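Reader: I am new to reading protein structures, and I would like to go through one slowly. Could we look at it together, with each answer reasoned out?

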Amino acid sequence: MFHCKFLHAAMKNRLFLLFRYGANYMTMSSRSVHYCIRGSIQCWDFHENSCQSFHIRHCASEAALTNMKERVTINYEIQIEETTDKIYEYYRSCNIMIVSSGKERIKDYVQHLVNLKLKIKDIEQLMLTSPKIFTTEDTCTLTKQLREYGFSPKQLVHILCKFPDILDMNFETFLKNLEIFRNIGFSDDVLMALVVSDPTILLLEQEYVIHRVDELKKMFLSKSVLQLIVKSPLVLTEDINMIHLKYEYVSHRMGATPGQVIRSNLFSHSMDYIKCRHQFLTRAGLYKKITKDTGEIGKNPSLREMLDTSDEIFAKKHGKMTVAEYQTFVKIFEKEMSAEEVD
C-alpha cells in the first residue's frame, strides 16, 4: 500500500541518535529505521529490534517545511530592510544626491546584490565605502556579468571596494583588457586572481603592458616575470627606475639572489621599508652580505623572512624584542634617513 525505502542500522553498542525538529529531541537504542513517503507526509519510523512493541514516529508535513522556508525569507527581508535603512541614513548626512532618488532605489540595489549571492554584511560594507554603485547607470548589468564570468561573491566585493571605477567600464572593454594579459601568457584562473589582487591593471594599455614586460625580462627570466607580476602587480605600474633601485639594493648591497627576489614580495614594499629591515638585522649582527668570493655559507634570513612578515613576528624572531621596541628603532631610523636627505 505504501512505497517505502528501508534502511537497517545494526549497532553493537548502545547508540544515541538525536533528531531535532523545533524543540523535540529523541534518544534511541539499537533499532531499524524506516523512511516512508505517504502522500504529502514525510515520516521517520523507528522500530525496536526486539519483541517489545516500541515505535516512535515523527512527521514533518510539507506545510511545516513551507512555514520554515517562509520564516527564512521573512528574516532575509528584514535584514534587507535594515541594511537599506542604515545606508539611507548614512548618505542622508553626507551625499544628498544618492538619497534624492529615494530609499526604494537603494533597496533595489541591495536586493540585486543579494540575488548575486553576496552576503548582507559585505553588501553593507560595499555600499558604505563605494557610493559609485548608486551613481553608475550600468551597475546591475556589469556586476551580474562579472558574476557570470566566474568571479565569486567575495571576489566581486573585493574588486568593487578596491576599484569602484570598474563600474565605468562596459563588459566588452573588460574582456578586451583581459585579453592583453592573456596574450602575454596568463591562464584564465591566474588572470582572475590577478584582477582580484589589483583591479587597476584593467586600465593599462596594451602597448604599455608589453613594454613593461619587456623591461622586466631584462632583469628576470621570461617564465619568472609572470610569477613576479602575480606576486607583486605593482611592478606593472611603479616607476621602472624605482624597480631597478629596489633590485640593485637587495642584489648588490645585500647579496640576495634572483630566486629569492622572485619568491618574496620585494616589489610590494617601499624602499624605506626594505632599508629599515635590512639595517636592523645588520646592526644586530644578524645579517652579513655573502658573496661568491668569500666562500662562506650564507646564514642570513631569506628575503621572504626579512620582508614579508609582520613587525611583531619580525621583532620576536630576529631581535628577541617586543613590537614596541622594534617600532622605536623604526622611528629612529626614519629620522636618520630624513637627516641624510637634508644633508
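Author: What follows is a set of questions and answers on this predicted model, covering a helix, some charged pairs, some aromatic rings and two loop residues.

Reader: What span would be expected for helix α12 at 1.5 Å a residue?

Author: Helix α12 runs over residues 240–253, which gives it 14 residues. From its first C-alpha to its last, α12 reaches 19 Å, and this is close to the expected span of 20 Å.

Reader: Which helices do the buried residues of α12 pack against?

Author: The buried residues of α12 are I240, I243, K246, Y247, Y249, V250 and S251. These buried residues have their packing partners in other helices, namely α10 (206–217), α13 (258–263), α14 (271–283) and α15 (303–307).

Reader: Which residue caps the N-terminal end of α12?

Author: At the N-terminal end of α12, the backbone nitrogen of N241 has a side-chain oxygen 2.8 Å away, and the residue that supplies this oxygen is the cap. Beyond the other end, just after α12, G255 takes a positive phi of about 80°. The residue that caps the N-terminal end is D239.

Reader: How far apart in sequence are E81 and K107, which form a salt bridge?

Author: The closest N and O atoms of E81 and K107 are 2.5 Å apart, and the two residues form a salt bridge. The pair links distant parts of the chain, with E81 in helix α1 (residues 62–92) and K107 in helix α3 (residues 103–115). E81 is partly exposed at a relative accessible area of 32%, and K107 is partly exposed as well, at 23%. Along the sequence, E81 and K107 are 26 residues apart.

Reader: In the salt bridge between K218 and E215, is E215 buried or exposed?

Author: The side chains of K218 and E215 meet with an N to O distance of 3.6 Å. K218 has a relative accessible area of 67% and is exposed. The value for E215 is 17%, and because a residue under 20% counts as buried, E215 is buried.

Reader: Which residue forms a salt bridge with R277, and which ring does R277 lie over?

Author: R277 is buried, with a relative accessible area of 0%. Its salt-bridge partner is D311, with the closest N and O atoms 2.8 Å apart; since R277 lies in helix α14 and D311 in helix α16 (residues 311–319), the pair ties together parts that are 34 residues apart in sequence. D311 is partly exposed, at 26%. R277 also lies over the face of a ring, at 4.1 Å from the ring centre, so the two names asked for are D311 and F314.

Reader: How many aromatic pairs does a search of the whole structure find, and what kind of pair do Y91 and F134 form?

Author: The search of the whole structure finds 17 aromatic pairs. In the pair of Y91 and F134, the rings are 5.6 Å apart centre to centre, with 75° between the planes. Y91 lies in helix α1 and F134 in helix α5 (residues 132–135), so the pair ties together parts that are 43 residues apart in sequence. Because planes over 60 degrees apart count as edge-to-face, the pair of Y91 and F134 is edge-to-face.

Reader: What angle lies between the planes of F329 and F333?

Author: F329 and F333 are four residues apart in helix α17, so they are separated by about one helical turn. Both residues are buried, and they belong to one aromatic cluster with F280, F314 and Y326. Their rings form a stacked pair, 6.1 Å centre to centre, and the angle between the planes is 20°.

Reader: What value does phi take at K117, and what value at K320?

Author: Most residues other than glycine have a negative phi. K117, in the loop between α3 and α4 (120–129), is exposed at 61% relative accessibility. K320, in the loop between α16 and α17 (323–342), is also exposed, with a relative accessible area of 72%. Phi is positive at each of these non-glycine residues, being about 80° at K117 and near 55° at K320.

Conventions
Residues are numbered from 1 along each chain as its sequence is written. This is a predicted model: local features need pLDDT of at least 70, side-chain atom pairs count only at pLDDT 80 or more; totals for chains, interfaces and linings use all residues. Side-chain values use heavy atoms; hydrogens and water are left out. Helices (H or I, at least four residues) and strands (E, at least two) are DSSP runs, numbered from the N terminus. The expected span of a helix is 1.5 Å times one less than its number of residues. Buried means under 20% relative accessible area, exposed over 50%, partly exposed in between (1.4 Å probe, protein chains only). Contact means heavy atoms within 4.5 Å. A polar contact is a pair of N or O atoms within 3.5 Å; within protein, one must be able to donate a hydrogen and the other to accept it, and residues adjacent in sequence count only if both atoms are side-chain atoms. A salt bridge is a side-chain nitrogen of Lys or Arg within 4 Å of a carboxyl oxygen of Asp or Glu. Rings of Phe, Tyr and Trp (its six-membered ring) pair if their centres lie within 6.5 Å; planes under 30 degrees apart count as stacked, over 60 as edge-to-face and the rest as tilted. A charge sits over a ring if NZ of Lys or CZ of Arg is within 6 Å of the ring centre and within 35 degrees of the ring normal.
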